[in-house]
Structures are given as C-alpha cells and as structure tokens.
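Trainee: Got a minute? I'd like to go through this structure with you.
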Amino acid sequence: MNLARLVGAVALLALAGCSQGTPAAAPSAPVSSSSSAAATPTVAVPAKFAAGNVRIALVRQLSSGDYFEQWLAGAQAEAKALNVRLEISSGDGNNDKQALNLEQAVTAKADAIVVDHGFAQTVQPAIKKAVAAKIPLVAFDVDPGAPEAVALTQDDHEIAGQALSVLKADTGGSGEVLYIYVAGFAPLDRRNETWEQFKKDNPGIKQVAQIGVVNSSTASAVADQAKAALQANPGVKAIFAPYDEFAKGAALAVKELGLAEKVKIYGADVSTADIGVMTEPGSPWVATSATDPANVGRVAVRAAALLVAGSTVEHALTVPPALITQKGLRDSGISSVEQLTRAFPGLTTPDVARVPWAAS
Ligand code: SR1
C-alpha cells in the first residue's frame, strides 16, 4: 500500500487514535507518532528475566473465537520477547474451572498472574489469595476487587459509542433495533451502559428484542437466535452486536434471510476473518469499533512483567479503540489485521506499560 493510499485509509476509517472519547475527525498521517515510535532499551534486563526464571500464569475464562485467539498470540509473542514462561490455562467457559486454575496458579507461586476475563464473584476470592501471597496480578476485562491489582481494559464505552455513532448516522436516530448482549461479562456490561444511555438520548431508537449467548460456538448460536428475532420483528433495520462473535452470527442470519439490503450491523472487535465478513459483497456488517487484540495481550504481559520487576504500573490501564467502517476497509483495500495495524499505528500502544529494558 503506498503512502497516498494509506493517508486515504486513515481518513476513511475515521481512526479514534489515542484520545479517548474523541473520534479523530482529521487524523494525522500514518507515520510513527511518539506513542508508537520504536524505543531502544533504557535499562539493563533484570537478572531474573535474563536467566529465564520468570513464570507468568495466564488464567483465562474463554479461549475460543477470533478475539481470544489473537489476544493469546499477542501475549505469547510478548512473553517470548521478554524471556518469560507463560503458563496458560483456560476455564473454557466454566467459571468454577477458571477459579480452580487461579487457585492453582497461586499455590504454584507464579511470579505474576494475568486473569483474562471471568466473573467477579468467581475470581475475586482467589485474587484475594494472590494478593495475600504478594503475587502481582493483572486483571483483564474483569473487576479484580483489589486495589493492589492492575485492571486492564479496552475503552468499552468508546467501543460502543463509536459503533452507535455510525448506527445513528445511518438510521437518522430512529427505527427498530435488535440488541445482542449477555450480562456478567465486564466489557459487555460497560458497552451495555453506553447502549442504555444511547437509547435515552435517542428516543426514536426502539429496542424490539434482545438476544445473546456466549459459549464455544457463539456465532452459530447467535445466528439461530437472530433469525428467529428478525422473523418475529420484520421492522428491524439495525442490529447492535458489540462483540465480533455476535456480529458474525447476526451477519449470517441477515444473509440467510435475504435481508442484507434492509438490516445493517454495528459491531465490536476485529480480526482478519471479521474483515473478510465485513468486506464481502452484500455484507450487512457496516461498522465495528476495535482494538488490536494481539496488542492488548501484549500489554497484559508487559504489565505483569513490570510488576515482577518491582516497577510501578498504573492501577488502571485502558487501550483505546478505532472505528473501522466497511466503506473504509473496501476503499483502502484492507483485508487483514496486519494491514489494518500498519495503516493505523494508534492500534499499537507500546507506551501502555512500556518495559524499559525491552526494545519495542
Ligand atoms: C464475552 S466478552 C467478549 C469481549 O471480550 C473482549 O473485551 C472483546 O472485545 C470481546 O468483545
């Protein structure tokens, strides 16, 4: 992709950049900014890292789906770069199993623990044990309930807000909407807060049905639910689906019912497969707001590594999203997350939990 095309891509995709809550109307050209410039190490590698003696336990609630696979790939790449052993477990959607895995990480005296998703009531008791055992802990997308832990999130209010800004522009702020949501997942709960406020601010928007399921085959389960909901509500013109597995399921339902001209989808997250779905001919998925999940996985491991080294890390770390539209993707010929992150350096956040002894 040449430079002129990249500049066009930036304008077309309306990248939110690094400023939370402020879609960049006129984003800067896609050259390295100070936040994305490669940095050379400023301090020596701590002995424990140099010796390969650092173990970080990654305790996951979920592992299937594009988002979670990309996130893990980023975490593994960062662990390799920092010479850290990443000990990975997943509850595979079973919260009790995740809690048990977390207890085991505490018992095994990991040097640090990253908790990836989970329900507060099932992980907080074991997080308290980690804190009592002085094991540093980073909690991604789950409230750790402990001020000693670092809480890492994406800016979920902004994710919902960006997608809904396109829904509002497309619908003129009125019409029947199908909403996809499952309560209890912290990022979805935060996006739901924005949706609730959006409905208050836009009384012409009518939520006619709510569906949703999170399991190991979320997209196909949601597709079945969405088909039924669309058949029961023929006036629906928009679907708010703020998780990419929801959006993929919704897209499948809309296409199978032959409604792609009439019903548009506003989602969250991005992957190469998602970009494929958004850009295929006749796709109803017109906008998504997303971080680069691999970058977020990298940030989680960096934050944990800093804590192991005794460095101070802010209690709350937030990764900003970018607004990505179907039109922008098509016009700029972007077909993969790799191309997307090249076009948008703001999707990579090396200054969030920067590790001073590592090159970035
Ligand atoms: C079931 S929770 C799914 C969400 O977790 C991450 O925050 C992703 O953005 C995804 O949408």
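Mentor: Sure. Start with one term: a polar contact is a pair of N or O atoms within 3.5 Å. Also keep in mind that this is a predicted model.

Trainee: Okay. So how far is an oxygen atom of the ligand from an N or O atom in the side chain of Asp 141?
Mentor: The distance is 2.5 Å. That pair counts as a polar contact, because the cut-off is 3.5 Å.

Trainee: And which distance goes with Asp 269?
Mentor: For Asp 269, a side-chain N or O atom is 2.6 Å from an oxygen atom of the ligand. Arg 191 has a polar side-chain atom too, and that atom lies 2.8 Å from a ligand oxygen.

Trainee: How much of the ligand's accessible area does the protein cover?
Mentor: The protein covers 100% of it. On its own, the ligand has 320 Å² of accessible area.

Trainee: What is the space that the ligand takes?
Mentor: That space is the largest cavity.

Trainee: Which residues are around the ligand?
Mentor: Among them are Leu 62, Tyr 67, His 117, Gln 154 and Phe 185. The list also includes Pro 187 and Tyr 243. Asp 141, Arg 191 and Asp 269 belong to it as well.

Trainee: Back to Asp 141. Where does it lie?
Mentor: Asp 141 lies in a loop, between strand S4 (137-140) and strand S5 (150-154).

Trainee: Is Asp 141 buried or exposed?
Mentor: Asp 141 is buried, because its relative accessible area is 2%. The cut-off for buried is under 20%.

Trainee: What about its phi?
Mentor: Phi of Asp 141 is near 60°. That is a positive value in a residue other than glycine. Most residues other than glycine have a negative phi.

Trainee: And what is phi for Asp 269?
Mentor: Phi of Asp 269 is near 80°, again a positive value. Asp 269 lies in the loop between S9 and H10. Asp 269 is buried, with a relative accessible area of 4%.

Trainee: Which other residue has its place in the loop between strand S9 and helix H10?
Mentor: Ser 271 does. Strand S9 spans 264-268, and helix H10 spans 272-279. Ser 271 counts as buried, because its relative accessible area is 2%.

Trainee: What does Ser 271 touch?
Mentor: Leave out residues up to four places away in sequence, and Ser 271 touches Asp 66, Gln 70, Asp 244 and Val 337.

Trainee: Which side chain has a polar atom 2.7 Å from the backbone oxygen of Asp 269?
Mentor: The side chain of Thr 288. A polar atom of the Thr 288 side chain also lies 3.2 Å from the backbone nitrogen of Ala 268.

Trainee: Where is Thr 288 found?
Mentor: In strand S10, residues 285-290. Thr 288 is buried, with a relative accessible area of 0%. Beyond four places in sequence, the residues Thr 288 touches include Gly 267, Met 278, Ala 322, Leu 323 and Ile 324.

Trainee: New topic. Is Ala 50 buried or exposed?
Mentor: Ala 50 counts as exposed, because its relative accessibility is 53%. The cut-off for exposed is over 50%. Ala 50 is in helix H2, residues 47-50.

Trainee: What is Ala 50 in contact with?
Mentor: Val 45 and Asn 83, leaving aside neighbours within four places in sequence.

Trainee: How about Ala 219: buried or exposed?
Mentor: Ala 219 is buried, at 17% relative accessible area. Ala 219 sits in helix H8. Its contacts, leaving aside neighbours within four places, are Glu 245, Lys 248 and Gly 249.

Trainee: And Ser 217? Where is that?
Mentor: Ser 217 is in the loop between strand S7 (205-211) and helix H8 (218-232). Ser 217 counts as partly exposed, because its relative accessibility is 37%. The C-alpha atoms of Ser 217 and Ser 64 are 8.0 Å apart, with their positions 153 residues apart along the chain.

Trainee: Last one. How many helices and strands does the protein have?
Mentor: The protein has 13 helices and 12 strands. Of its 360 residues, 55% count as buried. Take contacts with a separation of 6 or more: 76% of them join residues 24 or more positions apart.

Conventions: Residues are numbered from 1 along each chain as its sequence is written. This is a predicted model: local features need pLDDT of at least 70, side-chain atom pairs count only at pLDDT 80 or more; totals for chains, interfaces and linings use all residues. Side-chain values use heavy atoms; hydrogens and water are left out. Helices (H or I, at least four residues) and strands (E, at least two) are DSSP runs, numbered from the N terminus. Buried means under 20% relative accessible area, exposed over 50%, partly exposed in between (1.4 Å probe, protein chains only). Contact means heavy atoms within 4.5 Å. A residue is near a molecule or strand if one of its heavy atoms lies within 4 Å of it. A polar contact is a pair of N or O atoms within 3.5 Å; within protein, one must be able to donate a hydrogen and the other to accept it, and residues adjacent in sequence count only if both atoms are side-chain atoms. Accessible areas come from the Shrake-Rupley method with a 1.4 Å probe; for residues, only the protein chains shown count as cover. On a 1 Å grid over the protein atoms alone, a cavity is a set of points where a 1.4 Å probe fits but cannot get out, and a pocket is an open set with protein on both sides within 12 Å along at least five of seven lines; lining residues have an atom within 4 Å of a point. A molecule sits in a cavity or pocket if more than half of its atoms lie within 2 Å of its grid points.
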